[in-house]
2 protein chains.
Amino acid sequence: GKVVGIDIGATHLTTVLADFSAQVLYEIDNPFDVSQGPKPGLAKVDAQVHALLEQTGHTLDGIQAIGVGVPGPVVAERGMVIAPPIMPGWSNFPIREYLQDLWATPVTLNNDAELGALGEWAYGVGRGISYLLYIKVGYGIGAGLLFDGKIYHGATGSAGEIGHITIDSDGPLCSCGNRGCLGAMASGRAIAERAKNLIEAGYNMRLGKLSSNGKISGLDVASAAQRGDTEAQDIVREAGDNLGIALASLVNMMNPQMIVIGGRVTRVVGDLFLGPVRQTIKERSLRVAAQDLRINAAVLGHRSTSMGAVVQALTLAFYRLIEEDEE
Amino acid sequence: GKVVGIDIGATHLTTVLADFSAQVLYEIDNPFDVSQGPKPGLAKVDAQVHALLEQTGHTLDGIQAIGVGVPGPVVAERGMVIAPPIMPGWSNFPIREYLQDLWATPVTLNNDAELGALGEWAYGVGRGISYLLYIKVGYGIGAGLLFDGKIYHGATGSAGEIGHITIDSDGPLCSCGNRGCLGAMASGRAIAERAKNLIEAGYNMRLGKLSSNGKISGLDVASAAQRGDTEAQDIVREAGDNLGIALASLVNMMNPQMIVIGGRVTRVVGDLFLGPVRQTIKERSLRVAAQDLRINAAVLGHRSTSMGAVVQALTLAFYRLIEEDEE
């Protein structure tokens, strides 16, 4: 038996083929643009899944279940996202049903950060941890909450929208229409925005040469910081401070044992970003809430979410096998 | 059989005597000063419990269990509070053990806001609600979290310290040493502080006459607002806006079904405070997270916490009865 795990990001698409012991047999990772909307987007997902299968000599018949992660608030029972800030056009589209019909294979749909929490808990740095927050810093910022060893979904399934918690009520405008949201102050897009503003204001930044096509991504800034650009480093550090402020609030509210920080921006800059995050959490959280807290980088790298999707696919596959057994 | 529920506040002490159907038979409510420290403080608690029993013709022998709530982070297994910001001197004092020895009766110790959540869920506005946040606005601000019908304590028992979540990273200084904590921008003490500053700055505020002894409480400002003082109303409204900002963040993160707002400040000013809270939550939370959300005032009034303490005492009493039965 085999399963497929899929991580649909705002700007990337990762698919992995895994066996029933969760060993990854093959992976394809490509750039992606979630803003193209569901039908063109899911056609690309379909093409990549078929490429994954062809490369390894499999067909859909040999796949027991497929787990899918998306960067928006998922209503699990309905298999769709509702009003997702960074997935314009996908709201209310029946993603799970559409893929299930397309592939004639059982599909599960979850939020990407929830899957990241699950992946790191099952196979990564969070093994054995019952109260874990997984923070995914990419184009946007999402959180997956694991309480008492279980994913916390909230009343209607949208829990974990950390990108829209306020850290400065008079701060910069966010895509959601409010001011000072974390997503407008610490995400990949906030980092890119900050660099663009500095360049437009005439700063002689080494980063400037990256913007020849007029586009800068958070990863460009993160790479420049990693290569020693001090302005880029300042931007990354400030983003880390801002994330630390939000996480200190969550430490006070949720009292977790571990915070796992993943996502592409984090991977590129590492301690340049995690250092200020750790320092600010330490400064701003209550001693009682943080005394046993561990703050770790995700160890599954770009695979936290796709491995969480594998966990969900395996769970679904096993339920199916048990049901068949009972019939 | 009877139980006693006790709500030890920063500035009040409420004790109730209840029967096994949770009917309140008698109540005593007095001013209190938690800053006097544990031994003098608990001596006053002891005196009030004895007064409660005497008034109703009972003795400790007839009391099966006693539930106690305190305004600090409780480590339930150890029966104490650790580093409580508004209970200076109580850290690490063995509150539960001390009272259990004093009264020779089983005692449970919990955070006051957690008990408020439990009280409103069992007997108040939150009946039948599985995902509930209870917010207690008094001298400080605390939160009790009920997820899937159970109190959420966090990894080490300190969850719910909403008073120290940041809503403005450059805001006013808080007692915890950080800037812009909710407790420094929306609590009873923040409201009082704001009024004092305005008076010292020479504002001709009707409230001024309340400060003849140099002390103003949040309740004084709340009362003045209720009587029509427009400056006091502005202060209360601004506090409501600030609480709304924090709660919108929590709605995005936790996706609750209901927020119950209690505490003495809330009771005095009502909609003058709740109106801005509701409006700001609506403006600042994501549609997907807030679409089914209800925001209600606590209906048990000043008894939310003491009724939660009764729930805990009854649970303990029933466990004891079952154990005795089995022996």
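What rotation superposes chain A on chain B? Here are a few friendly notes on that and other points.

1. First, the ground rules. This is a predicted model, where local features need pLDDT of at least 70, side-chain atom pairs count only at pLDDT 80 or more, and totals for chains, interfaces and linings use all residues. Residues are numbered from 1 along each chain as its sequence is written, chains are lettered from A in the order in which they are written, and side-chain values use heavy atoms, with hydrogens and water left out.

2. A turn of 180° with 0.0 Å of shift along its axis puts chain A on chain B at RMSD 0.0 Å (least squares on C-alpha atoms of residues with pLDDT of at least 70 in both). The two copies are therefore related as by a two-fold rotation axis. In chain A, D168(A) has the C-alpha nearest the axis, 2.1 Å from it. Both copies use the same surface: 100% of the contact residues of chain A recur in chain B (contact: heavy atoms within 4.5 Å).

3. There are zero disulfides over all chains (a disulfide being two cysteine sulfur atoms within 2.5 Å). The sulfur of C174(A) has its closest cysteine sulfur in C181(A), at 3.9 Å, too far for a bond.

4. Chain B has an open sheet of five strands in the order β10-β9-β8-β11-β12, with mixed pairing (strands pair if DSSP finds at least two bridges between them; strands are DSSP E runs of at least two residues, numbered from the N terminus). The edge strands are β10 (150–151) and β12 (294–297) of chain B. Strands β8 and β11 of chain B pair in the parallel sense over five bridges, and Y134(B) has V260(B) as its bridge partner in β11(B).

Key. Helix = DSSP H or I, 4+ residues; strand = E, 2+ residues; numbered from the N terminus.
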